[in-house]
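Welcome, and please open your viewer. We will begin with the whole chain and then select a few places to look at in turn.

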Amino acid sequence: MYTSSAAQKAKRRTYTRPELSPDQQTEIKEAFELFDSDKDNCLDYHELKVAMRALGFDLKKAEVLKLLKDHDKSGHGLIEFSDFAKIMTDKILARDPMEEIRRAFHLFDDDKTGKISIRNLRRVAKEIGDNLDDEELQAMIEEFDLDGDGEINEQEFFAIMTDDA
């Protein structure tokens with residue numbers, strides 16, 4: 001069977017668009033439902049801003065207003081779930097994994113020393129409800145502390161998060 005050159009080129013160019021995981025899809029739906037405080041199946045400006053922040057996107061007021069303007073079908077300053085899901089899907093798929101790791105590092109490094117200390121780990125463990133004692137926290141640091149300074153620097157954190165440790 002013969003196929004045209006154009007058909008062969010088109011076949012080579014086919015691109016499979018990345019998709020969200022079922023967990024990510026659920027997160028979007030749950031964020032929408034949680035922050036749709038008046039349960040009208042739409043988000044207003046404040047609900048949209050908080051829902052997006054909950055999913056890790058802290059947009060400026062002008063950016064949120066533009067999203068509302070671009071997707072407001074009713075003319076009442078509201079966005080429906082289908083549009084919210086599309087916007088969030090695009091934003092999540094466009095994330096840079098290395099930037100996400102960098103942001104996570106800075107959540108731990110709240111004292112801005114450039115390192116994660118046992119004090120930083122203790123605070124995060126407490127915030128997420130993990131009841132770890134100092135011995136367990138110290139063991140975590142020692143396992144990944146490649147330069148032996150007793151703390152986790154950004155390079156070591158990247159190695160942990162990318163399984164290069």
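Start by selecting helix α7, residues 118-127, together with helix α8, residues 134-144. This is a predicted model, and in it the axes of these two helices come within 10 Å and cross at roughly 120°. Angles from 65 to 115 degrees would count as roughly perpendicular, and those over 145 as roughly antiparallel; α7 and α8 are therefore oblique to each other. Turn the view until one helix lies over the other, and you can follow α7 as it passes α8 in a right-handed crossing.

Next, show the side chains where the two helices touch. From α7, select Ile118, Leu121, Arg122 and Ala125. Their partners in α8 are Asp134, Leu137, Gln138, Met140 and Ile141. Colour this contact by class and you should find six nonpolar residues, one polar and two charged.

Now zoom out to the whole protein. How many helices and strands does the secondary structure come to? There are nine helices and four strands. If you trace the chain along the sequence, the elements appear in the pattern α-α-β-α-α-β-α-α-β-α-α-β-α.

While the full view is up, try a surface display. The accessible surface comes to about 11,500 Å², and carbon and sulfur atoms hold 54% of that. Of the 165 residues, 28% count as buried. Contacts across the sequence are worth a look too: among those with a separation of 6 or more, 49% join residues 24 or more positions apart.

For the next stop, select helix α2 (residues 22-35) and helix α5 (residues 81-93). Their axes lie 10 Å apart, and the helices pack at an angle of about 135°. Here too the label follows from the angle: α2 and α5 are therefore oblique to each other. Their crossing is right-handed.

Bring up the side chains at this second contact. On the α2 side, pick Gln24, Ile28, Lys29 and Phe32. On the α5 side, pick Phe81, Phe84, Ala85, Met88, Thr89 and Ile92. By class, these residues divide into seven nonpolar, two polar and one charged.

Finish by centring on threonine 89, which lies in helix α5. Is threonine 89 buried or exposed? Buried means under 20% relative accessible area, and threonine 89 has 18%, so this residue is buried. Which residues is threonine 89 in contact with, leaving aside neighbours within four places in sequence? Select Leu20 and Ile28 to see them; Ile28 is also one of the α2 residues you picked at the contact with α5.

Key. Residues are numbered from 1 along each chain as its sequence is written. This is a predicted model: local features need pLDDT of at least 70, side-chain atom pairs count only at pLDDT 80 or more; totals for chains, interfaces and linings use all residues. Side-chain values use heavy atoms; hydrogens and water are left out. Axes are lines fitted to C-alpha atoms, for helices over the stretch in contact, and angles run from 0 to 180 degrees between N-to-C directions. Angles under 35 degrees count as roughly parallel, over 145 as roughly antiparallel, 65 to 115 as roughly perpendicular and the rest as oblique. A crossing is left-handed if the near helix is turned anticlockwise from the far one by less than a right angle, and right-handed if clockwise. Contact means heavy atoms within 4.5 Å. Ala, Val, Leu, Ile, Met, Phe, Trp, Tyr, Cys and Pro count as nonpolar, Asp, Glu, Lys and Arg as charged, and the others, Gly among them, as polar. Buried means under 20% relative accessible area, exposed over 50%, partly exposed in between (1.4 Å probe, protein chains only). Accessible areas come from the Shrake-Rupley method with a 1.4 Å probe; for residues, only the protein chains shown count as cover.
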